[in-house]
Amino acid sequence: SSSSSSSSSSSPSSRAKRQRSSGVMRKITKRVAAQIRLQFPDLDRDPEPEPAEGTQNDWIYPSDWDMRDYQYEIVSRALFENTMVCLPTGLGKTFIAAVLMYNFHRWFPDDFVIFMAP
């Protein structure tokens, strides 16, 4: 009986901590977004830019790197669809991101590529 009362009494406290934490994260996110807008005022200038001439239908995958089929498949999909990549450590998430960023930079050379990781 004491364990059930202690778990129920700590539950509201845990919930309050999570709510405070999520509120702090929202404030931080808004502040960071505002700073990015100040530093890069042209960031929102064109929501759908046109690809650079001659690059519309092609993309590059490194040939001097060990080819892993799953990485190639993820890159080929992520270039044209919203994608979240969840892989264990050491299976190439950063490599996949680098290939994507390289191709987006080729397609949109006047725009920004922002890579964020926790």
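These are my notebook entries on the nonpolar core, the aromatic pairs and a surface patch of this structure.

**Entry 1, the core.** I kept in mind that I was reading a predicted model. I looked up the largest nonpolar core and found that it has 11 residues, among them Tyr 61, Ile 74, Leu 79, Phe 95 and Trp 107. Helix H2 (69-78) and helix H3 (93-107) each supply at least two residues of this core, and the largest share, 5 residues, comes from H3. I noted beside this that in soluble globular proteins nonpolar side chains tend to be buried together.

**Entry 2, the aromatic pairs.** I found a count of 7 aromatic pairs. In one of them, Trp 65 and Phe 95 are stacked, with 5.1 Å from centre to centre and 15° between the planes. This pair links distant parts of the chain, since Trp 65 lies in the loop between helix H1 (2-39) and H2 while Phe 95 sits in helix H3, 30 residues away. Trp 65 is exposed, at 51% relative accessible area, whereas Phe 95 is buried, at 13%.

I then turned to Phe 104 and Trp 107, whose ring centres are 5.3 Å apart and whose planes stand at 80°, so I wrote the pair down as edge-to-face. Both belong to helix H3, and because they are 3 residues apart they are separated by about one helical turn. Phe 104 is partly exposed, at 29% relative accessibility, but Trp 107 is buried, at 6%.

**Entry 3, cluster and patch.** I saw that Trp 59, Tyr 61, Trp 65, Tyr 72 and Phe 95 form one aromatic cluster. On the surface, Phe 40, Phe 112, Ile 114 and Met 116 form a nonpolar patch with about 430 Å² of accessible area together, and I located Ile 114 in the segment after H3.

Terms used: Residues are numbered from 1 along each chain as its sequence is written. This is a predicted model: local features need pLDDT of at least 70, side-chain atom pairs count only at pLDDT 80 or more; totals for chains, interfaces and linings use all residues. Side-chain values use heavy atoms; hydrogens and water are left out. A nonpolar core is a set of buried Ala, Val, Leu, Ile, Met, Phe, Trp, Tyr and Cys residues joined through side-chain atoms within 4.5 Å. Buried means under 20% relative accessible area, exposed over 50%, partly exposed in between (1.4 Å probe, protein chains only). Helices (H or I, at least four residues) and strands (E, at least two) are DSSP runs, numbered from the N terminus. Patches are made of residues with over 30% relative accessible area and no salt bridge: like charges are joined within 9 Å, nonpolar side chains (Val, Leu, Ile, Met, Phe, Trp, Tyr) within 5 Å. Accessible areas come from the Shrake-Rupley method with a 1.4 Å probe; for residues, only the protein chains shown count as cover. A salt bridge is a side-chain nitrogen of Lys or Arg within 4 Å of a carboxyl oxygen of Asp or Glu. Rings of Phe, Tyr and Trp (its six-membered ring) pair if their centres lie within 6.5 Å; planes under 30 degrees apart count as stacked, over 60 as edge-to-face and the rest as tilted.
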